[in-house]
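Please open the model in your viewer and keep the sequence panel beside it. The tour goes from the whole chain to single elements, with a selection to make at each stop.

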Amino acid sequence: MPDVAIITLARTPHKIRRLTLRQLRDLGFGSPTTGAAVGHAHTHMADVVAAALSRENPMMTADRLFGMEISGAELQAAHRSVLLHSGLQLKADESGAGTGGIDWGDLIGLLATGCGRLPAEVAEMTLPEADEMLAYWRKQPPAHILLAWAHGWKPKATVEPYAR
């Protein structure tokens with residue numbers, strides 16, 4: 001998947017980059033209650049699209065999007081493109097809201113510990129980058145996990161191991 005995709009808003013093409021783990025967390029993705037908590041769907045969609053656009057154009061905000069001549073269908077299409085480009089697999093309602101039970105603290109903590117990086121550095125990874133690392137670790141676990149297993153540590157049951 002390329003690092004940059006194009007979405008069209010107000011008949012103008014715009015480059016977008018994948019959302020980072022920090023942006024996905026801050027936008028509420030991965031929270032089981034996201035779908036119910038998002039009462040204003042257009043505002044949420046605009047926030048998601050603006051977050052993706054802001055990686056290439058820091059001046060882009062949801063308020064600026066609302067000032068553009070964008071149809072509801074165009075905003076929905078842009079929202080869907082951003083989520084798919086960022087590595088989220090949409091459910092039947094295709095909203096991306098309530099996409100599973102991602103524990104952002106555990107995910108960022110695992111990646112930071114395994115990579116020897118600060119959590120703030122890991123939070124700038126994209127979901128596909130994190131997914132690649134986790135796929136590799138399923139075959140070759142990081143040293144801290146192997147050491148814990150060697151000393152008898154057993155993981156507690158979780159909702160889902162890295163749900164998307």
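Begin with the cartoon of the whole chain, which shows nine helices and two strands, and bear in mind throughout that this is a predicted model. Followed from the N terminus, the elements run β-β-α-α-α-α-α-α-α-α-α. If you then colour the 164 residues by accessibility, 38% of them count as buried, while the surface that the chain exposes comes to about 9,500 Å², with carbon and sulfur atoms supplying 55% of that area. A contact map is a useful companion here: among contacts between residues at least 6 apart in sequence, 68% join residues at least 24 apart.

Next, select Leu 19, Leu 21, Val 49, Leu 53, Leu 65 and Leu 111, which are the residues with the most contacts inside the largest nonpolar core, a set of 37 residues. The elements that give two or more residues to this core are β1, α1 (21-26), α3, α4 (62-66), α5, α6 (104-115) and α8 (127-139), and of these α3 gives the most, with eight residues.

Stay in the core and centre the view on Leu 53. Which residues is Leu 53 in contact with, leaving aside its neighbours within four places in sequence? Displaying the surrounding side chains should bring up Ile 7, Leu 9, His 14, Lys 15, Ile 16, Met 60 and Leu 65.

Now select residues 72-85, which make up helix α5; its 14 residues reach 20 Å from the first C-alpha to the last, close to the 20 Å expected at 1.5 Å a residue. Show the side chains of Glu 74, Leu 75, Ala 78, His 79, Val 82, Leu 83 and His 85, which are the buried ones named for α5. As you look along the helix axis, recall that an α-helix has 3.6 residues a turn, so residues three or four places apart point the same way. Adding β1 (4-9), β2 (12-17) and α3 (41-54) to the selection shows what the buried residues of α5 pack against. Beyond the helix, stop at Gly 87, which follows α5 and has a positive phi, near 100°.

Finally, turn to the surface and select Leu 146, Trp 149 and Trp 153, which form a nonpolar patch with about 330 Å² of accessible area together. Trp 149 is found in helix α9, residues 143-150. Is Trp 149 exposed or only partly exposed? Its relative accessibility is 43%, and Trp 149 therefore counts as partly exposed.

Key. Residues numbered from 1 in each chain as written. Predicted model: local features only at pLDDT ≥ 70, side-chain atom pairs only at ≥ 80, totals over all residues. Heavy atoms only, no water. Patch = residues over 30% accessible without salt bridge, like charges linked within 9 Å, V, L, I, M, F, W, Y side chains within 5 Å. Areas by Shrake-Rupley, 256 points an atom, 1.4 Å probe, with all protein chains shown as cover. Salt bridge = Lys/Arg side-chain N within 4 Å of Asp/Glu carboxyl O. Helix = DSSP H or I, 4+ residues; strand = E, 2+ residues; numbered from the N terminus. Buried < 20%, exposed > 50% of the residue type's maximum accessible area, 1.4 Å probe, protein only. Expected span 1.5 Å × (residues − 1). Contact = heavy atoms within 4.5 Å. Core = buried A, V, L, I, M, F, W, Y, C linked by side-chain atoms within 4.5 Å.
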